[in-house]
There are 2 protein chains.
Amino acid sequence: MERIPKRQRHQQLSRLLEENPFLTDRELTRQLKVSIQTIRLDRLELAIPELRERLKLMAERSYDSVRSLPLHEVIGDILDLQLDKSGISLFEISDEHVFSRSGIARGHHVFAQANSLAVAVINDEIALTASADIRFIRPARLGEKCIAKAYVRASGEQKGKAKVEVFTYVGEEMVFQGNFIIYRSAGESKT
Amino acid sequence: MERIPKRQRHQQLSRLLEENPFLTDRELTRQLKVSIQTIRLDRLELAIPELRERLKLMAERSYDSVRSLPLHEVIGDILDLQLDKSGISLFEISDEHVFSRSGIARGHHVFAQANSLAVAVINDEIALTASADIRFIRPARLGEKCIAKAYVRASGEQKGKAKVEVFTYVGEEMVFQGNFIIYRSAGESKT
DNA sequence: CTTCTTTTGGCACCAGGTATTAAAGGCTAT
DNA sequence: ATAGCCTTTAATACCTGGTGCCAAAAGAAG
């Protein structure tokens with residue numbers, strides 16, 4: 001009668017702290033009806049740090065997520081980039097990108113990856129999207145890794161406009177395709 | 001020689017903690033070369049809470065910002081919505097939306113506002129962007145307020161596809177125009 | 001009954017403080 | 001210089017939310 005409760009209690013404890021990480025051990029004793037020592041042994045076994053450590057970790061996370069906001073410059077991680085030729089980026093669909101009802105990615109995130117890549121692949125001081133023609137072929141879902149491949153079809157170094165085609169895949173399946181026209185500041189920086 | 005330093009020290013202390021809120025009083029002692037009691041009097045005067053309180057506040061902030069992330073469902077504030085007819089939303093271009101070099105909004109943010117609105121205006125359980133044809137007419141800049149207006153051209157309640165046209169303005173000027181084809185779940189839940 | 005795991009309890013100790021009282025240093029006005 | 005005042009430093013008691021360690025009690029299992 002005391003064998004099973006331990007694992008159950010561990011689950012309850014984990015759940016409680018997931019719901020509200022601000023609970024002290026003392027408050028947990030009230031909820032779980034065991035002594036404070038038991039709570040502490042449990043945390044030890046489950047490798048759950050003490051309240052103050054939890055708060056510190058949360059504070060640190062939010063602190064450097066603010067600091068790393070400039071990374072927001074490009075949506076997705078650039079895996080390969082050949083300026084004025086082609087580029088590849090990876091973007092993983094996570095909670096904040098999907099409709100919570102359906103787990104399907106909101107279109108503008110998939111678009112954002114493609115658009116970022118299309119702009120990044122253009123070798124110029126200033127590159128802006130002028131227009132685009134896009135198709136969402138099948139929905140991208142929570143947890144899926146989207147690989148976008150961009151190809152510069154006409155770099156238009158004189159004309160001031162480049163044509164970039166982007167295909168986004170999840171595994172073998174194409175989920176998105178887009179044709180972008182990118183303004184460029186008329187042929188400058190050659191790296 | 002001890003009159004001015006107090007205010008200076010207060011400024012330095014504020015600055016240090018702004019740069020790094022994770023400093024203990026003891027560490028501040030080392031940086032400011034005064035006793036720990038002075039640091040504590042200073043914090044008292046400046047109404048700066050102790051380290052642990054600071055961490056807790058940061059953790060709480062990040063915690064309920066996570067909780068309020070579902071607000072992220074729609075990019076921009078919906079000002080008016082007539083389901084299956086039209087909608088208006090407002091989106092203000094701020095730092096995190098622009099290229100830091102030029103202060104020009106990245107296209108996918110302007111697109112996201114339009115796309116969100118086009119999806120929101122469709123009165124159905126599930127609505128997904130199928131394809132779009134978009135044009136960035138002139139760049140939107142830091143601080144500008146973008147008003148997007150969406151009009152449902154063909155609601156296609158039978159066909160399962162709706163056509164939505166979106167125009168985005170800054171003041172009188174049009175900055176973006178897009179034609180969206182939106183999948184709708186045709187009266188019932190269809191994946 | 002003995003043995004093992006699990007649960008409690010108690011105590012010392014720690015960080016990072018608060019709160020309070022007191023003393024010392026310095027500056028100014030009378 | 002002497003008193004009055006602000007500022008700084010010091011000392012002490014106390015608090016929270018723990019860790020670490022040891023020992024005892026309570027079941028469960030052989």
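Me: Which helix gives the largest share of the surface near DNA strand C?
Reply: "Near" here is a heavy atom within 4 Å of the strand, and helices are DSSP runs of H or I with at least four residues, strands E runs of at least two, numbered from the N terminus. In this predicted model, helix 3 of chain A supplies the largest share, three residues. Local features need pLDDT of at least 70 and side-chain atom pairs 80 or more, while totals for chains, interfaces and linings use all residues; side-chain values use heavy atoms, without hydrogens and water.

Me: How many residues surround DNA strand C, and which are the closest?
Reply: There are 16, and the closest are Arg9(A), Thr38(A), Asp25(B), Leu51(B) and Arg52(B). Sugar and phosphate make up 70% of the strand C atoms that come within 4 Å of the protein.

Me: What lies 2.4 Å from the side chain of Thr38(A)?
Reply: Think polar contact: a pair of N or O atoms within 3.5 Å. For Thr38(A), a side-chain N or O atom sits 2.4 Å from a phosphate oxygen of DNA strand C. Arg43(B) also has a side-chain N or O atom 3.0 Å from a phosphate oxygen of that strand.

Me: What is the strand order in the sheet?
Reply: Sheet strands pair through backbone hydrogen bonds, parallel or antiparallel; pairing here takes at least two DSSP bridges. The 12 strands run 1(A)-2(A)-4(A)-5(A)-6(A)-3(A)-3(B)-6(B)-5(B)-4(B)-2(B)-1(B), an open, antiparallel sheet.

Me: Why is one side of strand 1 of chain A left without a neighbour?
Reply: Strand 1 (77-82) of chain A is at an edge with a single partner strand, so one side has no neighbour in the sheet; strand 1 (77-82) of chain B is likewise at an edge.

How values were computed
Residues are numbered from 1 along each chain as its sequence is written. Chains are lettered from A and ligands numbered from 1 in the order in which they are written. A polar contact is a pair of N or O atoms within 3.5 Å; within protein, one must be able to donate a hydrogen and the other to accept it, and residues adjacent in sequence count only if both atoms are side-chain atoms.
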